[in-house]
Amino acid sequence: MDLGLWDGGLWDGGVWSFVVSGVAVAAASFFLLVDFEAANRFLRSGASYRWAWYVAFALVMTLVWLYLELLRLLSYVTWW
């Protein structure tokens with residue numbers, strides 16, 4: 001019995017593409033929370049300002065990752 005799971009591949013907007021994109025968005029959101037917690041720990045511990053750049057870089061990279069995954073998910077929705 002075909003439930004439509006195999007109609008589209010991972011890049012064609014099928015069911016699996018929604019699942020993979022949803023997992024990627026959830027992972028990126030989780031890592032964004034982890035990065036904010038790391039920034040909070042750095043501020044509370046009184047770390048040197050030189051280390052703040054590492055935290056800021058991690059935040060920016062996670063935001064870019066989340067943005068790209070959301071765009072990918074939205075492209076599947078508009079295609080469908």
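Start by selecting Arg72 and Glu69: in this predicted model, their side chains meet in a salt bridge, 3.3 Å from N to O. Both residues sit in helix α2, 3 residues apart, or about one turn of the helix. Now colour the pair by accessibility. Glu69 is buried, at 9% relative accessibility, while Arg72 is partly exposed, with a relative accessible area of 35%. Glu69 gets its label because its value falls under the 20% cut-off.

How many salt bridges are there by this rule? The count is 2, so with a cut-off of 4 Å between nitrogen and carboxyl oxygen, there's another stop to make.

For that one, jump to helix α1, which covers residues 15-45. Select Glu37 and Arg41, whose side chains form a salt bridge at 3.6 Å, N to O. These two are 4 residues apart in the helix, so about one helical turn separates them. Check the accessibility here too: Glu37 is partly exposed at 39%, and Arg41 counts as exposed at 59%. Arg41 earns that word because its value is over 50%.

Next, go back to helix α2, residues 49-79, and pick out Leu71, which is found there. Is Leu71 buried, partly exposed or exposed? Partly exposed, with a relative accessible area of 39%.

Finally, keep Leu71 selected and add Phe57, Val60, Met61, Val64, Tyr67, Leu68 and Leu74. Show them as a surface: together with Leu71 they make a nonpolar surface patch of about 780 Å². Leu71 can belong to such a patch because its 39% is over the 30% relative accessible area that patch residues need.

Definitions and conventions
Residues numbered from 1 in each chain as written. Predicted model: local features only at pLDDT ≥ 70, side-chain atom pairs only at ≥ 80, totals over all residues. Heavy atoms only, no water. Patch = residues over 30% accessible without salt bridge, like charges linked within 9 Å, V, L, I, M, F, W, Y side chains within 5 Å. Areas by Shrake-Rupley, 256 points an atom, 1.4 Å probe, with all protein chains shown as cover. Buried < 20%, exposed > 50% of the residue type's maximum accessible area, 1.4 Å probe, protein only.
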